[in-house]
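Open the model in your viewer and keep the selection panel within reach. The stops below go from one chain to the pair of chains, and then to the DNA.

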Protein chains: 2
Amino acid sequence: MPTTRRERMRDATLLEIKEVAREHLRAHGPSGISLRGIARDLGMTAPALYRYYASLDDLLTAMIETYTNEICDAMEAARDAMPADDLDGRLVAVTRAFRRWSLDHRPEFAMVFGAPVPGYTEPEEGGVHQAGGRMGAIFFALFFELWRRQPFPVPPDEEITPALRRQLRLFAAACCGEDDDAPLGVIRLFAASWVRLYGLVAIEVFGHMHFMLEDMEPLFEAELNDLAKTIGLEKGSA
Amino acid sequence: MPTTRRERMRDATLLEIKEVAREHLRAHGPSGISLRGIARDLGMTAPALYRYYASLDDLLTAMIETYTNEICDAMEAARDAMPADDLDGRLVAVTRAFRRWSLDHRPEFAMVFGAPVPGYTEPEEGGVHQAGGRMGAIFFALFFELWRRQPFPVPPDEEITPALRRQLRLFAAACCGEDDDAPLGVIRLFAASWVRLYGLVAIEVFGHMHFMLEDMEPLFEAELNDLAKTIGLEKGSA
DNA sequence: TTTACTCGTAAACGGCGTTAACTAAAGCAC
DNA sequence: GTGCTTTAGTTAACGCCGTTTACGAGTAAA
C-alpha cells in the first residue's frame, strides 16, 4: 500500500482541484478556468496549486484525460447493460451513449474533441493519447467482433487505394496483432463509421447545423439506422 | 460615394487590425490574439483599438466572418474553374476546395468550425450567421441542381421519421422557396453529406484521427468517391 | 473662426500565469 | 524526544491581459 497519510491528502487535493476546475469549466467555458479562481474557491493562493500541477496546461491536460476516460466508462456501461451476445444492440447502445455523454457535457466535449487550443502540448505519449486509444478500442472491438460473427459486406481490397491500404494495414497490425485474417475493408468501413459518428456529434454539440436543423436527434437516429444497415443490422432505431 | 478621406483611413486601419490579428492567430493560435499585442505591432496603444472594435470579442467575430467568406470565395473559385455544365466536377471541386482551405488555414478553421469559445456571442443575426448560410447555399445549390438534372435515388418520404420530415420541410421552405417539388429525401441526403464532409475535415484538421491514420487524404478521397457514387456520379476521384 | 467630432494618448483597475524567497508543519531517523 | 529533511502553504513581485476613464491634438464642417 503506497497510501501514506500524506499521499492520501495529496490525492484528495489533486482531485478536488480538478473538480473545482470542472465547475468553472461548466460555468464559464474552457477559457474561464483559471488557477487563481480555483485557488480562491479552495481557500488557497494560486502558487500553491503548482505543488499539484506543473502549470495550467498540465491541469487542462489532466482534465482532458479524465473526461476521455469518463466517456469510455459511459460507453462501457451502456454496452454492458445489453446482453453479451447481442452485439447489434451493444454497438447501437455504445454509439448512443457517446452522443448522450457529449450532449450532456458540452464543454468537456469541446476540450476533448475540439481544436487543441494551447501550443498543442504533447501529441503522443500522454495519458490523453492512451485514453483516446481506449475509446477507439471500445468501438473497434465491437465492430470487429460483429463482423467476425456475421460478416457484412465490405469493400474488397482491390477497390481500396494503395495509399489507404498501406495505412489500414499499419493500423491492423498495431491493433489486431498478427492474426490479420480480417480484410482491410473492415477497417476501412470502421474508419468511415467513426468519422461519420464524430461529425454528427461534433456538429450537434458545436451548434454548426442550426442553419438547417433545430434538433439533430432525428437525423442522428436516421444516420445511426443507416450505419447499422450497412453493417448488416436490420434495426438500429428501436 | 461615402469615401471621405477619413472614412478611407478608417477602413484601412480596420483592415490592418484584422490582418495583424490574423498573423498572431497563425503564429500563436486563437488564444494568442490580444489587443495589446496587436496595438504594439501597429505602433499604437491598446485603448485606441476600441475606436475600431467594441471589444476583443467583436474583433474575433469579425475575423470569423471574414474567414467564412474566404472559404466561400475559395469554393466558388474552384467551382467556377470547372465548366458550368459539369455539375459533377463542380461539386467535387467545391468539396476538395473546402478541405484544402481548411488544411491550409487550420487556426482559422478552428475559429470558424470549432467550439464557440467565448461566452458564445450572437448565435443569430450576425454577419457570421449570414456567411454560414452563404456556404451552405453554395453546397446546396449544386447538390440540388444536380438532382434536378439527373435525379439520383433518395430515400422516400415514408422512410423518413416524421420528426425529421418536419424539420426538413421547414428548411426546404426557407431555402427552396415555394416550389417544393423536391422530395424531402434530397434534403435528407444533403444534410447527411454535409455532416460527413464536416466530420472528415474537422477530424483531420484537429488531428483526432492520428490514432489510426497518419495521412487522411486517401480516406478523404475514398469517402468523397463514396459520396459521389450515392448521388449518381460514377467517378469522384480522377 | 468657431464648433463638433474623431483618433489617439496616459493612467488606472482588476484579473491572469508564473517565479522566487520564505515559513510552518509534518514525517522520519536516531 | 531531538534534529534533519521534505512538503504544503504563504507573500511579493514581474509582466502580461481587457477594459474604462479622462484628456489632448488634429480634422471636418458651420
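This tour lists what to select at each stop and what is found there. The model is a predicted one.

**Stop 1: chain A alone**

Select chain A and show it as a cartoon. Chain A has 9 helices and 0 strands, so the cartoon reads α-α-α-α-α-α-α-α-α along the sequence, a pattern set by the DSSP runs. The C-alpha trace of chain A spans about 60 × 45 × 40 Å along its principal axes.

**Stop 2: the annotated stretches of chain A**

Select residues 11-71 of chain A. An unreviewed UniProt entry annotates these residues as "domain: HTH tetR-type". The span is 69% helix and 0% strand, and its end C-alpha atoms lie 22 Å apart.

Now narrow the selection to residues 34-53 of chain A, where UniProt (unreviewed entry) places the feature "DNA-binding region". Here the helix content is 40% and the strand content 0%, with the end C-alpha atoms 13 Å apart.

**Stop 3: where the two chains meet**

Show chain B as well. In this interface, 40 residues of chain A are in contact with 41 residues of chain B. On the chain A side, α5 (106-113), α6 (127-149), α7 (162-176), α8 (184-205) and α9 (217-230) each supply at least two residues. Which helix gives the most to this side of chain A? Select α8(A), which contributes 9 residues. Coloured by class, the side of chain A that touches chain B has 23 nonpolar, 12 polar and 5 charged residues.

**Stop 4: the relation between the copies**

Superpose chain A on chain B. The RMSD is 0.0 Å, after a turn of 180 degrees and a shift of 0.0 Å along the axis. The two copies are therefore related as by a two-fold rotation axis. To find the axis from within chain A, select A:G199, whose C-alpha is the nearest in that chain, 1.8 Å from the axis. The same surface serves both copies, as 100% of the contact residues of chain A recur in chain B.

**Stop 5: a helix pair in chain B**

Select α7 (residues 162-176) and α8 (residues 184-205) of chain B. Their axes are 9 Å apart and the helices pack at an angle of about 95 degrees, which makes α7(B) roughly perpendicular to α8(B). Show side chains for the contact: α7(B) brings B:L164, B:R165, B:L168, B:R169, B:F171 and B:A172, while α8(B) brings B:L184, B:I187 and B:R188. By class, this contact has 6 nonpolar, no polar and 3 charged residues.

**Stop 6: DNA strand C**

Select DNA strand C and the protein around it. It is surrounded by 21 residues, and the closest are A:S34, A:R36, A:P47, A:S55 and B:T45. The elements that each supply at least two residues of this surface are α1 (5-28), α2 (35-42) and α3 (56-80) of chain A, together with α1 (5-28) of chain B. The surface has 8 nonpolar, 6 polar and 7 charged residues.

**Stop 7: DNA strand D**

Move the selection to DNA strand D. Which residues come nearest to it? Of the 21 residues around strand D, those are A:T45, B:S34, B:R36, B:P47 and B:S55. Two or more residues come from each of α1 of chain A and α1, α2 (35-42) and α3 (56-80) of chain B. The residues near strand D divide into 8 nonpolar, 6 polar and 7 charged.

Key. Residues numbered from 1 in each chain as written. Chains lettered and ligands numbered in written order. Predicted model: local features only at pLDDT ≥ 70, side-chain atom pairs only at ≥ 80, totals over all residues. Near = placed C-beta within 6 Å. Helix = DSSP H or I, 4+ residues; strand = E, 2+ residues; numbered from the N terminus. Nonpolar A, V, L, I, M, F, W, Y, C, P; charged D, E, K, R; others polar. Contact = placed C-beta atoms within 7 Å. Least-squares fit on C-alpha atoms with pLDDT ≥ 70 in both. UniProt positions renumbered as here; feature names shortened; annotations may be inferred. Axes fitted to C-alpha atoms, helices over the stretch in contact; angles between N-to-C directions. Parallel < 35°, antiparallel > 145°, perpendicular 65-115°, else oblique.
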